[in-house]
Amino acid sequence: MSRSSNGKAGKRLRLFRRREDDLLERSFRSCPGCAADVHVFADVCRHCGGALEIALAG
């Protein structure tokens, strides 16, 4: 008898729940000059041209 023929193929025991990926949210920050979303490694805002400091995690 195959494993899928017992009707339990759709039910799996999940030990670890998938977390929402917040990489996209962590990749952007607000420009202090115009409040537009800019990439965390950007040194100049594309919207207003204001200089940005690269924030280092520490």
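**Figure 1. Where the predictor is surest, and where it is less sure.** In this predicted model, strand β2, covering residues 37-39, gets the highest confidence, with a mean pLDDT of 93. At the other end of the ranking sits α1, where confidence is lowest, at a mean of 82. Taken over the whole chain, the mean pLDDT is 78, and 72% of the residues reach 70 or more.

**Figure 2. The chain as a whole.** What pattern does the chain follow along the sequence? Read that way, the pattern is α-β-β, so you will find one helix and two strands here. The helix, α1, takes in residues 23-26, and β1 takes in residues 28-30. Of the 58 residues in the chain, 12% are buried. The accessible surface comes to about 6100 Å², and carbon and sulfur atoms account for 52% of that area. Now take the contacts between residues at least 6 apart in sequence: 5% of them join residues at least 24 apart.

**Figure 3. A nonpolar patch on the surface.** Which residues make the nonpolar surface patch? They are Leu-13, Leu-15 and Phe-16, and the patch has an area of about 460 Å². Zoom in on Leu-13, which belongs to the segment before α1. Leu-13 counts as exposed because its relative accessible area is 76%, and the cut-off for exposed is over 50%.

**Figure 4. Ser-27 and its neighbours.** Slide along to the loop between α1 and β1, and there is Ser-27. Is Ser-27 buried or exposed? Its relative accessibility is 17%, so Ser-27 counts as buried; the limit for that label is under 20%. A polar atom of the Ser-27 side chain lies 2.7 Å from the backbone oxygen of Leu-23. Leave out residues up to four places away in sequence, and Ser-27 touches Val-38, His-39 and Val-40. Another pair to look for is Ser-27 and Phe-41: they are 14 residues apart along the chain, with 8.4 Å between their C-alpha atoms.

**Figure 5. Ala-35, a residue with a positive phi.** This close-up goes to the loop between β1 and β2, where you can pick out Ala-35. Ala-35 isn't a glycine, yet its phi is positive, at about 65°. How does Ala-35 sit with respect to the surface, buried or exposed? With a relative accessible area of 56%, Ala-35 is exposed, because exposed means over 50%.

**Figure 6. Gly-49 and Cys-34.** The last view moves to the segment after β2, which is the place of Gly-49. Gly-49 is partly exposed, because its relative accessible area is 47%, and that label runs between the 20% limit for buried and the 50% limit for exposed. Now look across to Cys-34, which is 15 residues from Gly-49 along the chain. What separates the C-alpha atoms of these two residues? The distance between the C-alpha atoms of Gly-49 and Cys-34 is 9.4 Å.

Notes
Residues numbered from 1 in each chain as written. Predicted model: local features only at pLDDT ≥ 70, side-chain atom pairs only at ≥ 80, totals over all residues. Heavy atoms only, no water. Patch = residues over 30% accessible without salt bridge, like charges linked within 9 Å, V, L, I, M, F, W, Y side chains within 5 Å. Areas by Shrake-Rupley, 256 points an atom, 1.4 Å probe, with all protein chains shown as cover. Salt bridge = Lys/Arg side-chain N within 4 Å of Asp/Glu carboxyl O. Helix = DSSP H or I, 4+ residues; strand = E, 2+ residues; numbered from the N terminus. Buried < 20%, exposed > 50% of the residue type's maximum accessible area, 1.4 Å probe, protein only. Contact = heavy atoms within 4.5 Å. pLDDT = per-residue confidence, 0-100. Polar contact = N/O pair within 3.5 Å; in protein donor to acceptor, adjacent residues only side chain to side chain.
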